[in-house]
Amino acid sequence: MSAGIFYHTSASAQEEVNIYSYRAPELIKPLLDAFQKETGIKSNVVFASKGLAERIKAEGENSPADVLLTVDIGRLQGAEELGVTQPLNDPEINKHIPANLRDPDGNWFGLTTRARVIYASRDRVKQDKVTYEELADPKWKGRICTRSGQHVYSIGLIASMIAHHGEDETKKWLEAVRDNLARKPTGNDRAQVKAIFAGECDIALGNTYYMGKMQTNEKDPEQKEWAASVRILFPNSDDRGSHVNISGVALAKYAPHKENAIKLMEFLASPEAQSIYAAQNFEYPVLPGAKASERVQSWGNLKPDTVAIDQIGDLRKKASQLVDIVGFDNGPAN
Ligand SMILES: [Fe+2]
């Protein structure tokens, strides 16, 4: 690797790694500080909420990006499809990250998981168990809130339904869920919990970590009240488990500091980093045996669906088509 040799000979150069991150800087700072302490490698972070993969693409061979940090299988596979990642087969990483949370070709791997769960009104929902399938039951008529069916979080869940039930069954399910909606899909996950608080609906789909973000929200303390009005029900705990998605990392195609990037990726997969990272965003570590934070554990027991996340990714397009075909985002047809 001539570029690497050239780099190491430049006398006073500080060892560096360049991170393009869709994750907020304050979320990853504790990790990157720990990484620098351990290795002496300094991290430079470019943060944006969108367009980073496209930016690596546009920069081409001159891209300074070494690694891409992102959330959701949709965005990880999207980066792979754009051709801005490169495969890595690293025993250290493979040892720590479960196979179902890694790209079989090594282009990305998961660092944390988040479950897509049911937020249920404490006052108006008495049951302690739920399944995704029963969201189609007429007993929920006019009682369900959700964000857009085309959002990556929804697409992941619908793709998992296709993986378990096939396309035809999932289409029927999606139509029935649409007709149980209290309103047209609108807003983000937290807005659905707010709607439960306001009495507009009784249950909502949402990612687990938003419970933590609402419960600890000092900037907007009203969100603590939204959170207090709901419980989390983990769907399908008695069978296949709850749908989980990942936050993950990919090695950039033209990583100029490839060796340092691999060191960072190995560090992120390590037990030490796993618990820091997961706790920081109220997520679950992917490392088998590593515990979620106390707050996250207080929401109940997650049994994750172990279907390969890559398979979920491959079904994204079909899921998106179904959302359009049934007009999910138009809300109830009757
Ligand atoms: Fe989110």
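Hi everyone, let's start at S49, which is exposed, with a relative accessible area of 58%. Please keep in mind that we are looking at a predicted model. S49 sits in the loop between β2 (42–47) and α3 (52–59). If you put one finger on S49 and another on G199, you span 150 residues in sequence and 31 Å in space, C-alpha to C-alpha.

Now to the metal. Which residues coordinate the iron ion? The donors are Y153, Y209 and Y210, each through its OH atom, at 2.0 to 2.1 Å. Written as a pattern along the sequence, the donor residues are spaced Y-x55-Y-Y. Y153 belongs to helix α6 (residues 152–165) and Y209 to helix α9 (residues 209–215), so this pair ties together parts that are 56 residues apart in sequence.

Are these tyrosines buried or exposed? Y153 is buried, with a relative accessible area of 9%. Y209 is buried as well, at 3% relative accessibility. Y210 also counts as buried, because its relative accessible area is 12% and the cut-off for buried is under 20%.

Let's stay with Y153 for a moment and walk along its helix. In α6 there are 14 residues, and at 1.5 Å a residue they should span 20 Å. The C-alpha atoms at the two ends are 20 Å apart, which agrees with that expectation. How many residues of α6 are buried? The count is 10 of the 14, so the helix is largely enclosed by the rest of the structure. The buried ones include Y153, S154, I155 and G156, and further along we meet L157, I158, A159, S160, M161 and I162, which are buried too. Just after α6 comes G166, whose phi is positive, near 85 degrees.

Helix α6 also takes us to a cavity. A search of the whole structure finds 4 cavities of 30 Å³ or more. The largest cavity holds about 80 Å³ of space. Three residues we have just met in α6, namely S154, L157 and I158, are part of its lining. Others in that lining are R116, T146, W173, L174, V177, L205 and F328. Both α6 and α7 (167–180) supply at least two residues each to this lining. By class, the lining of the largest cavity has 7 nonpolar residues, 2 polar and 1 charged.

Next, the pockets. The largest pocket has a volume of about 770 Å³. Its lining is made of 22 residues, and nearest its centre lie A24, L27, R190, K213 and N281. Helices α2 (25–39) and α9 each give at least two residues to the lining of the largest pocket. Which element supplies the largest share of that lining? That is α9, with 3 residues, and you may remember α9 as the helix that holds Y209. The lining of the largest pocket divides into 9 nonpolar, 6 polar and 7 charged residues.

The second largest pocket contains about 440 Å³ of space. It is lined by 21 residues, with Y284, P285, A290, L302 and P304 nearest its centre. Here the lining has 12 nonpolar, 7 polar and 2 charged residues.

To finish, a look at the aromatic rings. How many aromatic pairs does the structure hold? There are 2. One is formed by F35 and F267, a tilted pair with 5.4 Å from centre to centre and 50 degrees between the planes. F35 lies in helix α2 and F267 in helix α11 (residues 258–269), so the pair ties together parts that are 232 residues apart in sequence. Both F35 and F267 are buried. Another pair brings us back to the iron ion, with Y209 and Y210 among its donors. The ring centres of Y209 and Y210 are 4.3 Å apart and their planes are at 45 degrees, so this pair is tilted.

If you take one picture home, let it be the iron ion with its donors Y153, Y209 and Y210. Thanks for listening!

How values were computed. Residues numbered from 1 in each chain as written. Predicted model: local features only at pLDDT ≥ 70, side-chain atom pairs only at ≥ 80, totals over all residues. Heavy atoms only, no water. Donors = N, O, S within 2.8 Å, 3.2 Å for Na, K, Ca; no water. Helix = DSSP H or I, 4+ residues; strand = E, 2+ residues; numbered from the N terminus. Buried < 20%, exposed > 50% of the residue type's maximum accessible area, 1.4 Å probe, protein only. Expected span 1.5 Å × (residues − 1). 1 Å grid on protein atoms, 1.4 Å probe; cavity = no way out; pocket = protein on both sides within 12 Å on 5 of 7 lines; lining within 4 Å. Points joined across faces, edges and corners; volume = space filled by probe spheres on them. Nonpolar A, V, L, I, M, F, W, Y, C, P; charged D, E, K, R; others polar. Phe/Tyr/Trp six-rings, centres within 6.5 Å; stacked < 30°, edge-to-face > 60°.
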